[in-house]
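Me: Before I use this model at the bench, I would like to go through some of the terms applied to it and ask what stands behind each one.

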Amino acid sequence: MINKDFLKREAQSIGVTLNDEALNRFDLFARLLVAWNQKMNLTAITEPEDIAVKHFMDSITPLSHFDIENSAEMIDVGCGAGFPSLPILIARPDIKITFFDALEKRLKFIDAVLDELGLEGSLVHGRAEDFGNMPEFREQYDYAVTRAVAPLNILAEYCLPFVKVGGSYISMKGADDETALGANAIQELGGKIEQVISLKLSNGDSRNLISVRKISQTSPKYPRKSKKIARQPL
(Lines give C-alpha, C1' and ligand atoms only; values in the text may rest on other atoms or scores of the structure.)
Protein backbone atom coordinates (compact mmCIF):
# COMPACT_ATOMS: atom_id res chain seq x y z
CA MET A 1 0.00 0.00 0.00
CA ILE A 2 2.68 2.50 1.04
CA ASN A 3 5.37 3.44 -1.48
CA LYS A 4 8.30 2.32 0.66
CA ASP A 5 10.94 4.01 -1.49
CA PHE A 6 9.06 7.30 -1.20
CA LEU A 7 8.75 6.97 2.57
CA LYS A 8 12.41 6.03 2.92
CA ARG A 9 13.48 9.10 0.90
CA GLU A 10 11.14 11.36 2.88
CA ALA A 11 12.61 10.12 6.15
CA GLN A 12 16.18 10.47 4.88
CA SER A 13 15.44 14.08 3.92
CA ILE A 14 14.93 14.91 7.61
CA GLY A 15 17.80 12.75 8.84
CA VAL A 16 15.80 9.69 9.94
CA THR A 17 16.92 6.28 8.64
CA LEU A 18 14.25 3.63 8.13
CA ASN A 19 15.48 0.08 7.58
CA ASP A 20 13.56 -2.56 5.63
CA GLU A 21 11.90 -3.90 8.79
CA ALA A 22 10.61 -0.44 9.68
CA LEU A 23 9.35 0.17 6.14
CA ASN A 24 7.51 -3.15 6.15
CA ARG A 25 5.95 -2.25 9.49
CA PHE A 26 4.83 1.13 8.20
CA ASP A 27 3.21 -0.57 5.22
CA LEU A 28 1.36 -3.04 7.45
CA PHE A 29 0.31 -0.27 9.84
CA ALA A 30 -1.19 1.67 6.92
CA ARG A 31 -3.13 -1.40 5.78
CA LEU A 32 -4.46 -2.03 9.28
CA LEU A 33 -5.40 1.63 9.70
CA VAL A 34 -7.48 1.62 6.52
CA ALA A 35 -9.08 -1.75 7.31
CA TRP A 36 -10.04 -0.84 10.87
CA ASN A 37 -11.19 2.60 9.74
CA GLN A 38 -14.08 0.91 7.94
CA LYS A 39 -15.34 -0.33 11.33
CA MET A 40 -14.50 2.66 13.54
CA ASN A 41 -13.68 6.31 13.01
CA LEU A 42 -9.90 6.46 13.28
CA THR A 43 -8.84 8.90 10.57
CA ALA A 44 -10.10 10.93 7.64
CA ILE A 45 -6.75 10.41 5.92
CA THR A 46 -6.83 7.17 3.91
CA GLU A 47 -4.92 7.76 0.66
CA PRO A 48 -1.51 6.02 0.73
CA GLU A 49 0.64 9.10 0.05
CA ASP A 50 -1.39 11.20 2.48
CA ILE A 51 -0.91 8.55 5.17
CA ALA A 52 2.83 8.52 4.46
CA VAL A 53 3.19 12.31 4.70
CA LYS A 54 0.41 13.59 6.98
CA HIS A 55 0.52 10.72 9.48
CA PHE A 56 3.88 8.94 9.30
CA MET A 57 6.28 11.74 8.37
CA ASP A 58 4.48 14.26 10.54
CA SER A 59 4.69 11.89 13.50
CA ILE A 60 8.41 11.17 13.26
CA THR A 61 9.56 14.80 12.95
CA PRO A 62 10.54 14.92 16.67
CA LEU A 63 13.16 12.25 15.94
CA SER A 64 14.76 14.66 13.49
CA HIS A 65 14.91 17.62 15.87
CA PHE A 66 15.38 16.22 19.37
CA ASP A 67 18.08 13.91 20.68
CA ILE A 68 15.84 11.29 22.27
CA GLU A 69 18.09 8.95 24.21
CA ASN A 70 18.10 5.17 23.90
CA SER A 71 15.35 3.42 25.90
CA ALA A 72 13.70 6.71 26.86
CA GLU A 73 10.33 6.47 28.60
CA MET A 74 7.65 8.31 26.60
CA ILE A 75 3.91 8.77 27.11
CA ASP A 76 1.56 9.78 24.28
CA VAL A 77 -1.30 11.58 26.04
CA GLY A 78 -4.49 11.19 24.03
CA CYS A 79 -2.84 8.89 21.52
CA GLY A 80 -5.95 8.36 19.38
CA ALA A 81 -5.13 5.99 16.54
CA GLY A 82 -1.48 5.98 17.58
CA PHE A 83 -0.12 9.28 16.28
CA PRO A 84 2.61 10.28 16.84
CA SER A 85 3.59 7.34 19.07
CA LEU A 86 3.24 4.34 16.75
CA PRO A 87 5.35 5.82 13.93
CA ILE A 88 7.93 6.89 16.52
CA LEU A 89 8.02 3.33 17.88
CA ILE A 90 8.32 1.85 14.39
CA ALA A 91 11.28 4.13 13.63
CA ARG A 92 12.79 3.73 17.13
CA PRO A 93 11.74 0.40 18.72
CA ASP A 94 14.09 1.05 21.64
CA ILE A 95 11.84 3.83 23.01
CA LYS A 96 9.51 2.60 25.74
CA ILE A 97 6.12 4.08 24.89
CA THR A 98 2.94 4.29 26.95
CA PHE A 99 -0.16 4.74 24.81
CA PHE A 100 -2.68 6.68 26.88
CA ASP A 101 -6.24 7.40 25.79
CA ALA A 102 -9.71 7.88 27.27
CA LEU A 103 -11.36 5.81 24.51
CA GLU A 104 -10.85 2.08 24.97
CA LYS A 105 -11.65 1.09 21.38
CA ARG A 106 -8.70 3.13 20.11
CA LEU A 107 -6.41 1.24 22.46
CA LYS A 108 -7.80 -2.05 21.15
CA PHE A 109 -6.77 -0.94 17.68
CA ILE A 110 -3.28 -0.01 18.89
CA ASP A 111 -2.99 -3.33 20.72
CA ALA A 112 -3.87 -5.18 17.51
CA VAL A 113 -1.32 -3.15 15.52
CA LEU A 114 1.44 -3.79 18.06
CA ASP A 115 0.69 -7.50 17.92
CA GLU A 116 0.74 -7.59 14.11
CA LEU A 117 3.94 -5.53 13.95
CA GLY A 118 5.75 -7.49 16.65
CA LEU A 119 6.31 -4.40 18.79
CA GLU A 120 5.78 -3.76 22.50
CA GLY A 121 4.15 -0.89 24.33
CA SER A 122 2.09 -0.17 27.43
CA LEU A 123 -1.61 0.57 26.99
CA VAL A 124 -3.40 2.71 29.57
CA HIS A 125 -7.11 3.52 29.43
CA GLY A 126 -8.20 6.51 31.47
CA ARG A 127 -8.36 10.26 31.84
CA ALA A 128 -5.17 12.29 32.06
CA GLU A 129 -6.47 14.46 34.90
CA ASP A 130 -6.91 11.31 37.02
CA PHE A 131 -3.75 9.42 36.10
CA GLY A 132 -1.59 12.54 36.30
CA ASN A 133 -2.16 12.47 40.05
CA MET A 134 -1.29 8.79 40.53
CA PRO A 135 2.20 8.12 41.96
CA GLU A 136 2.92 5.32 39.46
CA PHE A 137 2.40 7.78 36.56
CA ARG A 138 3.12 11.22 37.95
CA GLU A 139 6.55 12.57 36.92
CA GLN A 140 7.66 9.14 35.69
CA TYR A 141 8.40 9.88 32.02
CA ASP A 142 11.34 11.35 30.14
CA TYR A 143 8.98 12.65 27.46
CA ALA A 144 5.31 13.36 26.99
CA VAL A 145 4.10 13.93 23.44
CA THR A 146 0.85 15.10 21.91
CA ARG A 147 -0.35 15.72 18.40
CA ALA A 148 -3.56 17.44 19.39
CA VAL A 149 -5.80 20.34 18.47
CA ALA A 150 -6.46 21.55 22.03
CA PRO A 151 -4.79 24.85 23.02
CA LEU A 152 -1.28 24.60 24.46
CA ASN A 153 -2.24 26.01 27.89
CA ILE A 154 -4.81 23.21 28.28
CA LEU A 155 -2.54 20.48 26.91
CA ALA A 156 0.26 21.53 29.25
CA GLU A 157 -1.88 20.95 32.34
CA TYR A 158 -2.74 17.45 31.18
CA CYS A 159 0.79 16.53 30.10
CA LEU A 160 3.44 18.19 32.30
CA PRO A 161 2.39 16.29 35.46
CA PHE A 162 3.53 13.08 33.73
CA VAL A 163 7.03 14.42 32.94
CA LYS A 164 9.90 13.97 35.38
CA VAL A 165 12.06 16.97 36.29
CA GLY A 166 14.68 17.28 33.55
CA GLY A 167 12.37 15.68 30.99
CA SER A 168 10.45 17.31 28.17
CA TYR A 169 6.95 17.73 26.82
CA ILE A 170 6.86 17.91 23.01
CA SER A 171 3.68 19.50 21.69
CA MET A 172 3.15 18.92 17.98
CA LYS A 173 0.99 21.73 16.65
CA GLY A 174 -0.20 23.18 13.35
CA ALA A 175 0.83 26.42 11.71
CA ASP A 176 -0.09 28.77 14.57
CA ASP A 177 2.57 29.61 17.14
CA GLU A 178 0.90 29.07 20.54
CA THR A 179 3.88 29.87 22.76
CA ALA A 180 2.40 33.13 24.04
CA LEU A 181 -0.86 31.37 24.85
CA GLY A 182 0.87 28.58 26.77
CA ALA A 183 3.72 30.46 28.46
CA ASN A 184 1.99 31.31 31.76
CA ALA A 185 0.48 27.84 32.16
CA ILE A 186 3.78 26.15 31.43
CA GLN A 187 5.61 28.28 34.01
CA GLU A 188 2.91 27.61 36.62
CA LEU A 189 3.23 23.86 35.97
CA GLY A 190 7.01 23.79 36.45
CA GLY A 191 8.04 24.01 32.80
CA LYS A 192 9.90 26.34 30.49
CA ILE A 193 9.52 26.68 26.73
CA GLU A 194 12.92 25.61 25.49
CA GLN A 195 12.56 25.55 21.73
CA VAL A 196 10.01 26.19 18.99
CA ILE A 197 10.76 24.58 15.64
CA SER A 198 8.77 25.69 12.62
CA LEU A 199 8.82 23.32 9.67
CA LYS A 200 6.95 22.27 6.57
CA LEU A 201 6.01 18.79 5.47
CA SER A 202 6.81 17.86 1.88
CA ASN A 203 3.20 18.63 0.89
CA GLY A 204 3.60 22.21 2.14
CA ASP A 205 1.68 21.85 5.42
CA SER A 206 3.15 24.00 8.20
CA ARG A 207 3.93 22.61 11.65
CA ASN A 208 5.34 23.85 14.95
CA LEU A 209 7.13 21.60 17.42
CA ILE A 210 7.13 23.14 20.89
CA SER A 211 9.64 21.67 23.33
CA VAL A 212 8.93 22.33 27.01
CA ARG A 213 11.59 21.44 29.57
CA LYS A 214 10.38 20.37 33.02
CA ILE A 215 12.53 22.41 35.41
CA SER A 216 10.67 21.88 38.70
CA GLN A 217 8.02 19.62 40.16
CA THR A 218 4.42 20.35 39.28
CA SER A 219 2.31 21.59 42.19
CA PRO A 220 0.06 18.84 43.60
CA LYS A 221 -2.98 20.99 42.84
CA TYR A 222 -2.47 20.19 39.13
CA PRO A 223 -3.95 18.70 37.04
CA ARG A 224 -7.38 19.92 38.03
CA LYS A 225 -10.63 18.28 36.95
CA SER A 226 -11.32 18.51 33.23
CA LYS A 227 -14.33 20.82 33.59
CA LYS A 228 -12.25 23.31 35.55
CA ILE A 229 -9.39 23.08 33.06
CA ALA A 230 -11.85 23.86 30.26
CA ARG A 231 -13.67 26.66 32.11
CA GLN A 232 -10.62 28.31 33.67
CA PRO A 233 -7.50 27.45 31.65
CA LEU A 234 -4.23 28.61 33.16
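Me: What is the strand order of the open sheet of seven strands, and which kind of pairing does it have?
Reply: In this predicted model, the open sheet follows the order S3-S2-S1-S4-S5-S7-S6, and its pairing is mixed. S3 and strand S6 (191-200) each have a single partner strand and are therefore the edges, with one side of each lacking a neighbour in the sheet. On average, and with direction ignored, neighbouring strands are turned by 20° against each other.

Me: How do you know that S6 and strand S7 count as paired, and in which sense do they pair?
Reply: At least two bridges are needed for two strands to pair; S6 and S7 (residues 206-214) have nine, in the antiparallel sense, so the criterion is met. Within this pair, glycine 191 stands opposite lysine 214 in S7.

Me: Which helix lies across S6 and S7?
Reply: That is helix H8 (residues 179-188), which runs at about 155° to S6.

Me: Why is glutamate 120 called exposed?
Reply: Exposed means a relative accessible area over 50%, and glutamate 120, at 70%, therefore counts as exposed. Glutamate 120 sits in the loop between helix H5 (104-117) and strand S3 (122-125), and, leaving aside neighbours within four places in sequence, glutamate 120 is in contact with Leu89 and Leu114.

Me: What makes up the lining of the largest pocket?
Reply: The lining residues divide into 18 nonpolar, eight polar and 10 charged, and H7 gives the largest share, four residues. The volume of this pocket is about 940 Å³.

Conventions. Residues numbered from 1 in each chain as written. Predicted model: local features only at pLDDT ≥ 70, side-chain atom pairs only at ≥ 80, totals over all residues. Heavy atoms only, no water. 1 Å grid on protein atoms, 1.4 Å probe; cavity = no way out; pocket = protein on both sides within 12 Å on 5 of 7 lines; lining within 4 Å. Points joined across faces, edges and corners; volume = space filled by probe spheres on them. Helix = DSSP H or I, 4+ residues; strand = E, 2+ residues; numbered from the N terminus. Nonpolar A, V, L, I, M, F, W, Y, C, P; charged D, E, K, R; others polar. Buried < 20%, exposed > 50% of the residue type's maximum accessible area, 1.4 Å probe, protein only. Contact = heavy atoms within 4.5 Å. Axes fitted to C-alpha atoms, helices over the stretch in contact; angles between N-to-C directions.
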